[in-house]
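Let's take a walk through this structure together, one piece at a time. Keep the 3D view open and turn it as you read.

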Amino acid sequence: MMGYSPELSTTDLDVIEFDWEMNSKAKRLYITISSEPAFGGLILSNGIIGNRKPVIKFNSKWFYDSTFGNTEFKLTDSGASLYKLKGNNYFLELVNWRPFNMHDPANDWLSTYPLVSAVCKWAYTNNFTDIISLSSSVLHDFINSPKYKPFPPEELYVFDVHTSKYVKKPAKPKNKKQEMMLSPPHFLFTRVWSEFMPTGKALNVIAGSDGVDSIDINAVNTLCAYLKSEGITISQKTIDKTYTEIQKAQKESDAISESLITNKANPSNNGVMYG
């Protein structure tokens, strides 16, 4: 079937089928957020996807896209896409998540829980047993709190929500008391799933970060090593290409910023609009 699926959709989630086939096999779901700071989520997502095509597209009023209304905007550029991986493994790329405000957690809950709950309900009815969230600790660098200490991108922590402990293998956490600050979706997906599926896995897999002002490529490499240990194929070619494109875009952005500063200091230099 292709197109809208009323059987699988809810009031909070529209399900668009491309190549989805329901079956009774137990399934595992890996999740990333492409719009995370430091580009780690974007690079990792592209590496997992490679040249795969989505089997399902999710849309919802709870997703966010700042380009909505632009004639170049396409619904396929927003929401979330589900990809079939090797065996019974699947990957969910959350393209654009609503910006969150750590000073207003109640509002973050209201904008996060309905969508997380809807996706988990869909996963539950489609025989998924495990949800594994993949991210870096870039928020630690962002909030700069002594409680949430940054750690190197080569370190990996796998947090089991059911036991509230770090898993020793394949990760070898150096600090068993390491506190983690997770973005609302990374935090909620595994917590909600642990209640939906007490017998399944609900894991947060977190690599250290290269820093909020850097590109999280070393964190990506650490997460890729974890995925490979789980039997997931990664496209290194796509990772390298994405990384190069981001570097190029950053250089162009820096050049524009420098040009704006130069023009502000020299108003007689026309042709540049700013402010």
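Helices here are DSSP runs of H or I with at least four residues, strands are E runs of at least two, and both are numbered from the N terminus. With that in hand, note that what you are looking at is a predicted model.

A good place to begin is the empty space inside. Rolling a probe the size of a water molecule over the atoms shows where empty space is left. Counting cavities of 30 Å³ or more gives one, and the largest cavity holds about 60 Å³ of space. Which elements each supply at least two residues of its lining? They are helix 1 (40–49), strand 7 (128–136) and helix 5 (217–229). To find the spot on screen, select the lining residues: Glu 36, Pro 37, Gly 40, Gly 41, Leu 44, Leu 134, Ser 135, Ser 136, Asp 216, Ala 219, Val 220 and Leu 223. Sorted by class, this lining has six nonpolar, four polar and two charged residues.

From the cavity we can step onto helix 1, which contributes to that lining. Eight of the 10 residues of helix 1 are buried, so the rest of the structure largely encloses this helix. The buried ones are Gly 40, Gly 41, Ile 43, Leu 44, Ser 45, Gly 47, Ile 48 and Ile 49. Of these, Gly 40, Gly 41 and Leu 44 also appear in the cavity lining. Just after the helix comes Gly 50, with a positive phi near 60 degrees.

Now move to strand 6, residues 89–94. Is this strand enclosed or open? Six of its six residues are buried, so strand 6 is largely enclosed by the rest of the structure. Both of its faces are covered, with Asn 89, Phe 91 and Glu 93 buried on one side and Tyr 90, Leu 92 and Leu 94 buried on the other. Strand 6 has partners as well. Strand 3 (residues 27–33) runs parallel to strand 6 and is joined to it by six bridges, with Ile 33 partnered by Leu 94. Strand 5 (residues 80–84) pairs with strand 6 in the antiparallel sense over five bridges, and here Tyr 83 has Phe 91 as its bridge partner. Strands 5 and 6 make a hairpin with four residues between the strands, where Gly 87 takes a positive phi near 65 degrees.

Strand 8, residues 156–160, offers a second case to look at. Five of its five residues are buried, so strand 8 too is largely enclosed by the rest of the structure. Leu 156, Val 158 and Asp 160 are buried on one side, and Tyr 157 and Phe 159 on the other. Five bridges link strand 8 to strand 10 (residues 202–207) in an antiparallel arrangement, and Tyr 157 sits opposite Ile 206. Strand 9 (residues 165–166) also pairs antiparallel with strand 8, over two bridges, with Asp 160 opposite Lys 165. Strands 8 and 9 form a hairpin with four residues between them, and Ser 164 in the turn has a positive phi of about 60 degrees.

Last, a word on the cysteines. How many disulfides are there? The count is zero. Cys 120 counts as buried because its relative accessibility is 0%, and Cys 224, at 4%, counts as buried too; the cut-off for buried is under 20%.

Technical notes. Residues numbered from 1 in each chain as written. Predicted model: local features only at pLDDT ≥ 70, side-chain atom pairs only at ≥ 80, totals over all residues. Heavy atoms only, no water. Buried < 20%, exposed > 50% of the residue type's maximum accessible area, 1.4 Å probe, protein only. Pairing = 2+ DSSP bridges. 1 Å grid on protein atoms, 1.4 Å probe; cavity = no way out; pocket = protein on both sides within 12 Å on 5 of 7 lines; lining within 4 Å. Points joined across faces, edges and corners; volume = space filled by probe spheres on them. Nonpolar A, V, L, I, M, F, W, Y, C, P; charged D, E, K, R; others polar. Disulfide = S-S within 2.5 Å.
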